[in-house]
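Work through the exercises below with the sequence and the coordinates at hand. Each task is followed by a solution in steps.

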Amino acid sequence: MIVSKEKEDTSEKDTLSDIQEGLEVGDEAPDFQLQTLNGETAKLSDYRGQRVMLNFWATWCPPCRAEMPDMEKFYHNKDVEILAVNLAETEASVEDVHDFVEEFGLSFSILLDEGNQAATTYQIRPIPTSYMIDSKGIISYKAYGPLNYEMMETEFEKMQ
């Protein structure tokens with residue numbers, strides 16, 4: 001019985017090590033490190049073991065503005081971490097981001113991509129762009145354009 005259990009663990013490790021880093025569903029999400037709006041450092045890999053919604057956005061983007069209330073509701077109703085990566089290079093000032101967060105009453109993590117590091121890694125073109133990343137760091141869903149609450153919830157329920 002123990003031997004069989006060890007084999008299961010080994011095969012699971014082999015399967016996970018075969019997964020490549022990339023941007024497609026089934027790939028391991030590329031890691032990055034950014035400053036939060038509060039000045040702390042956050043890395044995507046810090047959230048391993050949790051389900052994550054990774055969202056790229058800007059304050060001036062109407063579809064981004066439209067999905068924020070649903071993201072806030074999603075954050076409060078589900079056991080999910082939301083990392084909202086602001087494309088800070090496109091903002092007039094960081095103060096605009098602070099004002100936006102206050103206006104929408106956002107309580108999830110806001111990360112500032114001041115050098116376009118994460119946006120470049122994730123090849124962000126349209127915004128918003130969102131990734132659902134499972135507890136093992138694997139991309140389970142990606143979306144170009146805004147998501148509503150029902151879409152977020154549906155994709156969340158499919159993740160481990």
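**Exercise 1. Salt bridges across the chain**

Take the side chains of E28 and R48, find what kind of interaction they form, and place both residues in the fold.

Solution. The model is a predicted one.
- Step 1: E28 and R48 form a salt bridge, with N and O 3.2 Å apart.
- Step 2: E28 belongs to the loop between α1 (2-17) and β1 (33-36), and R48 to the loop between β2 (41-43) and β3 (52-57), so the bridge ties together parts that are 20 residues apart in sequence.
- Step 3: Both ends are classed by accessibility: E28, at 26%, is partly exposed, and R48, at 42%, is partly exposed as well.

Next, locate R65 and E103 and say how their side chains meet.

Solution.
- Step 1: A salt bridge of 2.9 Å, N to O, joins the side chains of R65 and E103.
- Step 2: R65 is in helix α2 and E103 in helix α3, and this pair links distant parts of the chain, 38 residues apart.
- Step 3: R65 has a relative accessible area of 29% and is partly exposed; E103 reaches 54% and is exposed, because the cut-off for that class is over 50%.

Finally, which residues are linked with K78 in a network of salt bridges?

Solution.
- Step 1: Start from the bridge between E157 and K78, whose closest N and O atoms are 3.0 Å apart.
- Step 2: E157 sits in helix α5 (residues 149-158) and K78 in the loop between α2 and β4 (81-86), a link between distant parts of the chain, 79 residues apart.
- Step 3: Add E153, and the network of K78, E153 and E157 is complete.
- Step 4: The relative accessibility of E157 is 47%, which puts E157 in the partly exposed class.
- Step 5: For the whole structure, the search finds 6 salt bridges.

**Exercise 2. Aromatic pairs**

Why is the pair of Y75 and F108 edge-to-face?

Solution.
- Step 1: The search of the whole structure gives 8 aromatic pairs.
- Step 2: For Y75 and F108 the ring centres are 5.9 Å apart and the planes stand at 75°, so the pair is edge-to-face; the cut-off for this class is over 60 degrees.
- Step 3: Y75 lies in helix α2 (residues 62-77), while F108 lies in the loop between α3 (94-104) and β5 (109-112), so the pair ties together parts 33 residues apart in sequence.
- Step 4: Y75 is partly exposed at 22%, whereas F108 is buried at 5%.

Repeat the analysis for Y122 and Y131, then name the cluster that holds them.

Solution.
- Step 1: The ring centres of Y122 and Y131 are 5.1 Å apart and their planes are at 70°, so this pair is edge-to-face.
- Step 2: Y122 is buried at 1% relative accessibility, and Y131 is buried with a relative accessible area of 1%.
- Step 3: F32, F56, Y122 and Y131 make up one aromatic cluster.

**Exercise 3. A buried acid in helix α2**

Find E72 in helix α2 and describe the surroundings of its side chain.

Solution.
- Step 1: E72 is buried and has no salt bridge.
- Step 2: K73 is the nearest side chain of opposite charge, and it is 12 Å away. The cut-off for a salt bridge is 4 Å.
- Step 3: The side chain of E72 instead has a polar contact of 2.6 Å with that of S107.
- Step 4: Apart from neighbours within four places in sequence, E72 is in contact with G105, L106, S107 and F108.
- Step 5: As for K73, its charged end sits over the ring of Y149, 4.3 Å from the ring centre.

**Exercise 4. Backbone geometry**

Which bond joins I127 and P128, and what are the signs of phi at N116 and Q123?

Solution.
- Step 1: The peptide bond between I127 and P128 is cis, with omega about -5°. P128 is in the loop between α4 (117-121) and β6 (129-133).
- Step 2: N116 is not a glycine, yet its phi is positive, about 60°. N116 is in the loop between β5 and α4 and is partly exposed at 28%.
- Step 3: Q123 is also a residue other than glycine with a positive phi, near 50°. Q123 falls in the loop between α4 and β6 and is exposed, at 52%.

Methods:
Residues numbered from 1 in each chain as written. Predicted model: local features only at pLDDT ≥ 70, side-chain atom pairs only at ≥ 80, totals over all residues. Heavy atoms only, no water. Phe/Tyr/Trp six-rings, centres within 6.5 Å; stacked < 30°, edge-to-face > 60°. Helix = DSSP H or I, 4+ residues; strand = E, 2+ residues; numbered from the N terminus. Buried < 20%, exposed > 50% of the residue type's maximum accessible area, 1.4 Å probe, protein only. Lys NZ or Arg CZ within 6 Å of the ring centre and 35° of its normal. Lys, Arg positive; Asp, Glu negative; His and termini not counted. Polar contact = N/O pair within 3.5 Å; in protein donor to acceptor, adjacent residues only side chain to side chain. Contact = heavy atoms within 4.5 Å.
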